[in-house]
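Visitor: I have the sequence and the coordinates open on my screen. Could you walk me through some of the local details?

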Amino acid sequence: MFFSRDEKTPKALPLLPLRDIVLFPHEVRPLYVGREKSIAALKDAMAKKGADGKAWLLLSAQKKAKTNDPGPDELYHFATLGQVVQLLPLPDGTVKVLVEGVARAKVARFVPHDPFFLCEFEAVTEDNQITVELEALVRAVHATFKGYVELNKRIAPELQQQVSAIEDPARLADTVAIHVPFKTVADKQSLLETETPSKRLEKLYELMQGEIEILKAEKRIKSRVKKQMERTQREYFLNEQMQAIQRELGDKDDGGKTEIQELEDKLKAKKMPKEAQAKVRKEIKKLKMMGPMSAEATVVRNYIDWVLSLPWGDETKDKLDITEAEKVLNEDHYGLKKVKERILEYLAVQQLVGKMKGPILCFVGPPGVGKTSLGRSIARALGRKFVRMALGGVRDEAEIRGHRRTYIGAMPGKIIQSLKKAEASNPVLLLDEIDKMSSDFRGDPSSALLEVLDPEQNHTFADHYLDLDYDLSKVMFICTANSMHGIPQPLQDRMEVIRLAGYTEAEKMAIARKYLVSKQREANGLGDVEVTLTDTALRTIIRRYTREAGVRNLEREIASVFRKVARDVVKQGKRPMSVDRKQVVKFLGVPRVPRDRNEKENQVGMVNGLAWTEFGGEVLITEATSMPGKGKLIVTGVLRDIMKESAQAAVTYVRSRARRLGIEDKFFEQNDLHIHFPGAFPKDGPSAGVTMATALVSAITRIPVRKDVAMTGEITLRGRVTPIGGLKEKCLAAHRLGIKTVIVPRENKKDLKEVPKKVRSALKIVLVDYVDEVLKEALVLEKPDDFFRAASPAPEGSTAPI
């Protein structure tokens with residue numbers, strides 16, 4: 001040794017940084033050195049050998065192994081004093097060196113030097129005094145290391161004999177530390193920096209005890225796996241023998257075994273209920289006994305394939321971030337506040353409860369308002385798979401429940417097929433156009449849906465083909481319909497109905513600006529062309545080329561405009577373009593929708609009624625006239641029973657109020673009355689009662705009806721106006737047509753909250769209880785009070801006043 005521990009001033013030695021290595025005293029380790037600084041440090045150590053002829057240097061671990069050129073702060077200052085045993089330069093410029101750790105050392109100071117680290121150090125003196133407690137610890141470490149070596153087959157047994165011969169506590173601790181695994185380099189460095197031998201032995205004893213427990217657990221697992229493998233190998237050997245015998249007998253070809261084995265492997269991998277597993281095993285066993293070319297084998301094989309292809313227990317993880325879900329819903333759709341709130345409520349409850357049955361929603365609204373696309377958006381917001389199932393025109397119960405396997409070409413119903421397509425047991429399943437189903441001699445599909453859409457039953461849905469219970473409770477069912485009339489009442493009872501009304505002109509403008517224009521611009525190859533549609537152009541398309549509750553035709557017309565623009569771009573080259581009202585007319589031709597059909601003057605016997613249809617609200621013109629006759633009532637306009645009865649009630653009311661309305665007693669005996677509703681489409685419902693009564697009064701008394709008034713409401717024989725449905729859609733229709741005043745039943749006041757605020761502010765909404773109030777508001781009267789001087793509501797429980 002070329003230094004003296006008694007010297008106060010430490011000597012300076014080159015320092016070799018180590019990656020992911022901590023060298024302990026008494027440890028001999030080969031190192032491959034490639035960094036220029038490290039090679040220079042080795043050369044300097046070899047050049048300045050000590051008096052004993054040995055090359056000395058310090059070896060310290062890096063704090064971060066990835067650092068290629070560490071600084072003093074990136075090295076541990078507690079190092080190992082080592083000597084170079086052997087050095088061998090390699091052809092690629094690197095050096096292989098064999099070093100031996102001698103003692104612990106503390107780096108006192110980094111001496112400025114280039115191109116390697118030169119450090120002043122102090123050797124650490126260890127206390128080797130043997131106490132009774134230390135002696136007991138040494139023995140415990142010897143015994144524990146012996147047990148560790150017996151369990152760890154990677155350590156040679158001869159090493160245990162060498163370690164057992166070491167009595168020096170410090171050397172024993174360093175020798176054992178070389179062969180015990182540490183989780184991190186920092187843990188190993190911590191042991192190196194522990195100067196007291198007894199503390200080092202305690203740490204090693206605790207570490208070895210933990211390793212022994214892990215090794216024992218590994219041994220138990222290996223033993224268990226080995227037994228399982230032996231059993232599997234035995235079964236494999238016997239199966240091979242059986243297959244060989246069957247091939248010799250000509251019962252099986254080489255492919256038969258492979259196919260059945262694949263089916264068995266798929267069965268093991270599936271998380272199926274015990275009942276389903278037992279059923280499939282039985283079918284596989286049956287398949288083994290059949291000839292591969294038999295017709296029955298094909299039926300059985302198809303059945304097994306269907307059962308194994310279903311997503312038994314496979315689920316996608318829901319995105320429960322309400323903020324993100326709300327952002328997705330708003331990105332895809334404008335408005336639709338109720339639907340969005342319902343989905344966010346579901347997510348909130350799911351986040352709190354952790355597990356709940358999938359909701360069953362039914363979106364009812366006119367075409368083009370976004371019912372189907374909303375289902376896809378909900379799936380994206382929840383992070384679920386989306387499957388659409390079209391029910392329009394479905395009339396066979398087997399379409400829902402599947403066919404029994406006794407039929408040729410039998411297969412599962414659409415529900416099971418949709419789940420296979422989704423590859424998850426919790427998709428968003430959209431049942432589109434549920435109101436368009438019908439029934440015939442093959443059954444009623446709506447009755448089959450009663451089980452599917454019942455949260456108390458659908459966890460054990462039984463498909464006729466599978467003949468197994470399948471859990472549908474995690475599926476989110478979303479149904480869409482244009483009206484509730486085509487949906488049976490029991491089916492309605494199982495769904496949470498959310499009504500989607502038509503859009504106002506302002507909402508259509510916003511939707512076109514935010515979604516439709518950019519979508520169609522890209523779809524028609526104009527993404528890199530600066531094309532803008534002015535507000536007047538959009539408003540012209542909405543008013544003169546579409547009249548709908550939704551935006552489907554609006555999108556179609558916008559696409560048509562962009563196609564015309566695309567043709568101009570191809571002919572004349574790319575240039576900025578702005579499409580205004582005149583160009584819209586040029587592109588789309590003569591306007592297909594006439595201007596607002598409001599009469600320019602007040603008319604006798606003509607009233608604006610309000611109606612609800614599957615396509616939204618409509619303004620329904622009602623005409624009435626009188627002519628000489630014998631008191632007959634004629635009602636025309638493709639009317640159904642309820643509307644005809646409503647017309648009878650209106651005539652009865654007018655006759656009962658004849659005197660007070662200034663009508664002669666013999667008028668109804670000497671004249672016929674004709675009520676007509678223009679338009680060749682079916683009309684029904686009681687809400688046109690006040691419209692017909694007003695038209696009759698106007699036609700008989702020759703008093704005009706205000707052209708800017710529309711009305712809706714059912715009437716009774718006593719003249720009371722009772723509530724109606726679809727108020728929001730009706731108000732939207734009146735607003736679209738430019739109506740100024742809308743007369744509605746007072747009992748519908750609560751429904752006015754659903755009418756958009758902009759529409760409410762544009763309309764004068766008059767709430768009424770009796771027909772007299774309707775007449776007073778609708779008829780053009782010079783002195784309304786004189787006309788109704790004797791008119792007063794009939795008392796409840798009495799007939800109409802005479």
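**A walk through the model**

Guide: Let me begin at one residue: just after helix α24, Gly 738 takes a positive phi of about 85°. Please keep in mind throughout that this is a predicted model.

Visitor: And α24 itself, is that mostly covered or not? How many of its ten residues are buried?

Guide: Helix α24, which spans residues 727–736, is mostly covered, with seven of its ten residues buried. The buried residues are Leu 727, Glu 729, Lys 730, Cys 731, Leu 732, Ala 733 and Ala 734.

Visitor: Okay, switching to sheets. What is the strand order in the open sheet of five strands?

Guide: The order is β8-β9-β12-β7-β13, and the pairing is parallel. Strands β8 (386–390) and β13 (496–499) stand at the edges with a single partner strand each, so one side of each is left without a neighbour in the sheet. From one strand to the next, the twist averages 20°.

Visitor: How many bridges join β7 and β12?

Guide: Strand β7 (residues 360–364) and strand β12 (residues 476–481) pair in the parallel sense over five bridges, and Val 364 stands opposite Ala 481 in β12.

Visitor: Which strands do α12 and α14 lie across?

Guide: Helix α12 (residues 371–382) lies across β7, β8, β9 and β12, and runs at about 165° to β12. Helix α14 (residues 414–422) lies across β8 and β9, and its angle to β8 is about 155°.

Visitor: What about the loop leading into β7, where Lys 357 is? Which residues is Lys 357 in contact with?

Guide: Lys 357 is placed in the loop between α11 (337–353) and β7, and it counts as partly exposed because its relative accessible area is 40%. Leaving aside neighbours within four places in sequence, Lys 357 is in contact with Tyr 346, Pro 455, Glu 456 and Ser 473. Lys 357 and Val 475 are 118 residues apart in sequence, yet their C-alpha atoms are 7.9 Å apart in space.

Visitor: Now β3. Is that strand's setting enclosed or open, and why?

Guide: Seven of the seven residues of strand β3 (residues 55–61) are buried, so the strand is largely enclosed by the rest of the structure. Ala 55, Leu 57, Leu 59 and Ala 61 point one way from β3, Trp 56, Leu 58 and Ser 60 point the other way, and all are buried.

Visitor: In what sense does β3 pair with β1 and with β4?

Guide: With strand β1 (residues 12–18), β3 pairs in the parallel sense over four bridges, and the bridge partner of Leu 18 in β3 is Ala 61. With strand β4 (residues 78–89), β3 pairs in the antiparallel sense over five bridges, and here Leu 58 stands opposite Leu 81 in β4.

Visitor: Any nonpolar patch on the surface, and which residues form it?

Guide: Ile 221, Val 225 and Met 229 form one, with about 260 Å² of accessible area together. Met 229 belongs to helix α6 (residues 197–249), and it counts as partly exposed because its relative accessibility is 46%. As for the spacing, an α-helix has 3.6 residues a turn, so residues three or four places apart point the same way.

Visitor: Last one: is Thr 194 buried or exposed?

Guide: Thr 194 counts as buried, because its relative accessibility is 11% and the cut-off for buried is under 20%. Thr 194 is found in the loop between α5 (185–192) and α6, where, leaving aside neighbours within four places in sequence, Thr 194 is in contact with Arg 104, Lys 199, Arg 200 and Lys 203.

Conventions. Residues numbered from 1 in each chain as written. Predicted model: local features only at pLDDT ≥ 70, side-chain atom pairs only at ≥ 80, totals over all residues. Heavy atoms only, no water. Pairing = 2+ DSSP bridges. Helix = DSSP H or I, 4+ residues; strand = E, 2+ residues; numbered from the N terminus. Axes fitted to C-alpha atoms, helices over the stretch in contact; angles between N-to-C directions. Contact = heavy atoms within 4.5 Å. Patch = residues over 30% accessible without salt bridge, like charges linked within 9 Å, V, L, I, M, F, W, Y side chains within 5 Å. Areas by Shrake-Rupley, 256 points an atom, 1.4 Å probe, with all protein chains shown as cover. Salt bridge = Lys/Arg side-chain N within 4 Å of Asp/Glu carboxyl O. Buried < 20%, exposed > 50% of the residue type's maximum accessible area, 1.4 Å probe, protein only.
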